[in-house]
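Here is a friendly walk through one protein model, with a sheet, the helices on it and a loop residue as the stops. Please keep the viewer open as you read.

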Amino acid sequence: MKTVGPATGSAAPVRLTGYARGGGCACKIPPGELEAMVAGLLPPPIPGQAPSPGQALGGDEDRLLVGLDDGDDAAVVRTGDGTAVVSTADFFTPVVDDARDWGRIAAANALSDVYAMGGRPLVGLNLLGWPRDVLPAELAGEVLAGALDVARAAGCLVGGGHSIDSPEPLYGMAVTGLVDPDRLLRNDAGRPGVPLTLTKPLGVGILNNRHKRTGEVFAHAVAVMAALNDKASAAALEAGAVCATDVTGFGLLGHLHKLARASRVTAVVDAAAVPVLDGARESLRAGYVSGGTRRNLDWVRPHLDAGRAGEDQLQLLADAQTSGGLLVAGEIPGHPVIGELVPAVAGTTLVIR
């Protein structure tokens, strides 16, 4: 386990994670509930025919390249001049106690959706909810400053945003970027025989849960969450990949289930090849597992052939990540191959070996 040390950034002795029920992407609405909510926004399926993304808007199918249909990372709209706009929004409650680190992580997480589509972020808008009668405004300023640091590193402008008085602290960004419509990374383009690459290790959800409950700070987990996925996205495009997603609140298994389902394939995961952060396995055995992780695993179990994997291994693979890495259908130099896509097995999208 990495050395535990004091938080950096704001010197205020405030534990931000104590003001939120959940934390980071683990506070997402469970995937099954979310899919039920948006089901009525999609047209009834036509047997043997995949729906067009634009049908959710009542037409203009040719312009909306990626919409609601498969729960991809962002919306993509063709502009008509050979480019396309990619648009996303992401926000969550504090995942760490340090305000500036929270801002950095939240910004990297929001920008990741653009990178997961193969795009380049142009401008972000702050989304801030703040319990102004409970927490000082200076802390909110630290959150915004941390986010600005990461946006600048990404070459992304920050142009204002929106704020509300909220019972819990919330922060994130709405991000707009550009993408080549002929070089999209999307979650429904996976094909059998293609390897799977993961560009960040798992375990931040477990370590964040331990941080929330004990106050221990895991600097190596913060560094992973605050790191941009820009280089991984560029490498995926350079390698000719066409299918990818980022691994966030639904865990590796949840996001891989969505990718395999959308691509009409089955994903085989080599559990021993999946990278894991130092200290995550020990923290899992000590019981630091979030409710979001347990819900992720419950959601995929009906579609999962777990093989000989034990419950601890499955919980790690379902760990609710915040600002996780890219999961790419393709081999990306410098990152581990963790499995492959194979022809669809009836009723099974995930196989652990």
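## Pairing in the sheet

Two strands count as paired if DSSP finds at least two bridges between them. With that in hand, we can turn to this model, which is predicted. Strand 3 (residues 84–92) and strand 6 (residues 170–179) run antiparallel and are joined by nine bridges. For a spot to click on, try Ser87, which stands opposite Thr176 in strand 6.

These two strands belong to an open sheet of six strands with mixed pairing, ordered 1-2-3-6-4-5. Strand 1 (64–66) and strand 5 (157–165) are the edge strands, each pairing on one side only. From one strand to the next, the twist averages 20°.

## Helices on the sheet

Which strands does helix 2 lie across? Helix 2 (residues 99–116) lies across strand 3, strand 4 (120–130) and strand 6, and runs at about 150° to strand 3.

Helix 3 (residues 137–153) also packs on the sheet, where helix 3 touches strand 4, strand 5 and strand 6. The direction of helix 3 makes about 170° with that of strand 4.

## A loop residue to look at

Next, please move along the chain to Thr348, found in the loop between strand 12 (337–343) and strand 13 (350–352). Is Thr348 buried or exposed? Thr348 counts as buried because its relative accessibility is 17%, and the cut-off for buried is under 20%.

What does Thr348 touch, leaving aside its neighbours within four places in sequence? Thr348 is in contact with Thr266, His303 and Asp305.

Methods:
Residues numbered from 1 in each chain as written. Predicted model: local features only at pLDDT ≥ 70, side-chain atom pairs only at ≥ 80, totals over all residues. Heavy atoms only, no water. Helix = DSSP H or I, 4+ residues; strand = E, 2+ residues; numbered from the N terminus. Axes fitted to C-alpha atoms, helices over the stretch in contact; angles between N-to-C directions. Contact = heavy atoms within 4.5 Å. Buried < 20%, exposed > 50% of the residue type's maximum accessible area, 1.4 Å probe, protein only.
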